Amino acid sequence: MTWWHGEPEAAVAWPAVPMPRAPEASLREPSEADLLSAAQAGDSGAAHRLGRLYAQRGDRSAARHWWERAAGAGNIDSTYNLGVWHEKHGSLDEAISWYELAAGAGDAEAAVNLATLLLEQRGDVLGARHWFESAAGAGSRPATRRLALLCEDIGDPVAARDWHHRAASAGDLASAHDLAFMSYATGDEAQARGWWEYAARGGHADAAYYLGRLLHADRDPEGAETLYRLAAKVDHPAAASQLGRLALARRDLRTARAWFERAAHFGRVEDQRMAGFVCVELEDPRAASHWFGRAAASGDPESAYNFGLLLIAEHNDLRGGQHWFRQAAMYGHQGAATELSTLQSVIGARPAEAPRWTADQVAPVWDRPVEPELVARAELAVAAAGRRGGTMLRMADLTEILGTWDLLTRRLREPIDVVAWLTEKSGLHAAAVEHLSSVRMTLLRPGTAPWPTPAEIEHVLATSRQLRKRLGLS
């Protein structure tokens with residue numbers, strides 16, 4: 001695609017050099033000689049067309065000359081194009097100057113391009129906000145969305161929500177998706193559901209997927225499945241993964257395998273592992289080895305452990321099994337450490353190596369099943385907290401926190417003070433257990449407190465592991 005073609009409206013959606021503006025089509029395109037004659041006589045429209053003609057031929061100097069003639073006569077399209085020309089071939093300062101002239105005359109596209117340059121090249125947030133507001137006020141939907149994102153980045157959530165709302169109401173599905181996350185983070189699940197549904201109906205795959213996760217969190221797997229299928233139609237790998245899990249829960253192993261393998265082809269380690277498990281149940285060790293091997297090579301300890309088991313069981317490859325057991329044990333996989341210790345006594349271990357694997361390992365891998373609605377809450381929290389460069393949390397950590405609390409308290413029948421009960425049973429400090437309880441509640445019911453920091457998660461994880469150990473559930 002050559003740089004002078006295309007729709008200007010499409011170009012402002014991302015920080016690439018925007019497209020120069022072409023004249024409106026006419027029934028008969030005038031000849032070059034006609035344009036030259038008219039432009040020399042002072043016809044700004046002809047000068048603008050002549051500039052485009054030379055731009056198409058790659059004669060940048062001539063294009064600039066005639067656009068300058070047209071701009072000097074008040075042609076806003078040429079003024080805009082000179083901003084584009086200087087952004088690509090000239091200087092930033094001149095590009096900004098031409099865009100300012102066009103934007104000052106009310107040209108919304110020039111205002112968007114000017115705001116983008118000020119923000120991304122000069123870091124001028126106030127200037128960028130001014131021109132985005134100017135373009136948004138003139139009805140530019142891309143400007144409205146960019147303004148919403150800018151307000152999010154500078155910590156003005158009220159303005160961000162307002163501009164996202166305007167963009168979404170004008171049909172911007174990405175802003176509707178963002179509004180859903182903002183609503184979820186403040187605890188307004190009804191509004192989150194509404195915006196996700198609006199975006200999903202418009203074809204936004206991520207919105208369909210996260211609406212499915214919200215329904216799953218609310219114990220509606222049938223409704224969630226409908227949304228996952230909608231997202232999976234456009235190859236959404238996470239949606240394929242969830243469809244695999246739902247099929248597995250129904251013991252439809254062949255369907256589960258198809259969905260997991262579809263997700264696994266996108267490089268998702270957890271789905272490579274799940275594909276391996278399903279292939280084992282379907283008695284296809286070759287395929288299971290393939291998927292466990294790929295996931296193990298990416299550092300997944302559970303897959304490394306199972307790959308080691310398969311190598312020994314199917315190929316009598318003790319050395320290969322030893323290698324992958326060692327990889328898994330290094331990450332704290334207790335089963336792998338036990339198997340490695342036993343295997344080393346058979347094939348012979350290097351001096352002092354066997355005792356190392358029977359000693360206390362690093363923090364053990366959490367490998368217990370967790371209720372699907374808790375996993376969905378963990379994923380929603382990770383996605384909501386991490387938007388726009390926010391707090392980066394690990395889903396495995398949040399799942400372990402929620403799963404630990406559920407594991408320790410699910411058998412309690414009478415209404416009791418759970419924090420006091422856990423404190424008494426474990427001997428841990430009450431403040432540590434209360435902190436765990438508080439973080440858990442934030443994950444389950446967003447809006448009750450800010451999202452936890454990584455440091456908080458680290459402390460709460462330590463408490464979770466101590467609780468499991470002291471209550472004999474490690």
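# Exercises on an all-in-one-chain helix model

The chain has an accessible surface of about 22800 Å², and carbon and sulfur atoms own 51% of that (Shrake-Rupley method, 1.4 Å probe; for residues, only the protein chains shown count as cover). Before you start: this is a predicted model, where local features need pLDDT of at least 70, side-chain atom pairs count only at pLDDT 80 or more, and totals for chains, interfaces and linings use all residues. Residues are numbered from 1 along each chain as its sequence is written, and side-chain values use heavy atoms, with hydrogens and water left out.

## Exercise 1: the whole chain

Work out what the chain is built from and why it counts as more spread out than a compact globule.

Step 1. Take stock of the elements: there are 27 helices and 0 strands (DSSP runs numbered from the N terminus; helices are H or I with at least four residues, strands E with at least two).

Step 2. Check the spread. The radius of gyration is 30 Å, well over the 23 Å that the globule rule gives for 474 residues, so the chain is more spread out than a compact globule. (The radius is taken over C-alpha atoms, and the rule is 2.2 Å times the number of residues to the power 0.38.)

Step 3. Look at the dimensions: the C-alpha trace spans about 95 × 55 × 45 Å along its principal axes.

Step 4. Now the inside. Of the 474 residues, 48% count as buried (buried is under 20% relative accessible area, exposed over 50%, partly exposed in between; 1.4 Å probe, protein chains only). Among contacts with a separation of 6 or more, 52% come from residues 24 or more positions apart (contact means heavy atoms within 4.5 Å).

## Exercise 2: a helix pair

Describe how H18 and H19 pack, and say which residues make the contact.

Step 1. Find the helices: H18 covers residues 285-297 and H19 covers 301-315.

Step 2. Get the geometry. The angle is about 145 degrees and the axes are 8 Å apart (axes are lines fitted to C-alpha atoms, for helices over the stretch in contact; angles run from 0 to 180 degrees between N-to-C directions). The crossing is left-handed, a label used if the near helix is turned anticlockwise from the far one by less than a right angle; clockwise would be right-handed.

Step 3. List the partners. H18 brings Pro285, Ala288, Ser289, Phe292, Gly293, Ala295 and Ala296, while H19 brings Ser303, Ala304, Asn306, Phe307, Leu310 and Glu314.

Step 4. Sort them: 8 are nonpolar, 4 polar and 1 charged. (Ala, Val, Leu, Ile, Met, Phe, Trp, Tyr, Cys and Pro count as nonpolar, Asp, Glu, Lys and Arg as charged, and the others, Gly among them, as polar.)

## Exercise 3: two helix residues

Is Ala143 buried or exposed, and what does Ala143 touch?

Step 1. Place Ala143 in H9, residues 141-153. With a relative accessible area of 0%, Ala143 is buried.

Step 2. Leaving out residues up to four places away in sequence, Ala143 touches Val112, Phe132, Ala135 and Ala136.

Step 3. Now try Gln191 in H12, residues 189-201. Gln191 counts as partly exposed at 34% relative accessibility, and with that same sequence cut-off of up to four places, Gln191 touches Arg161 and Ser183.

## Exercise 4: positive phi

Where do Arg251 and Asn316 sit?

Step 1. Arg251 is in the loop between H15 (237-249) and H16 (253-264). Though not a glycine, Arg251 has a positive phi of about 65 degrees, and Arg251 is partly exposed at 48%.

Step 2. Asn316 is in the loop between H19 and H20 (318-330). Its phi is near 55 degrees, again positive in a residue other than glycine, and Asn316 counts as exposed at 59%.
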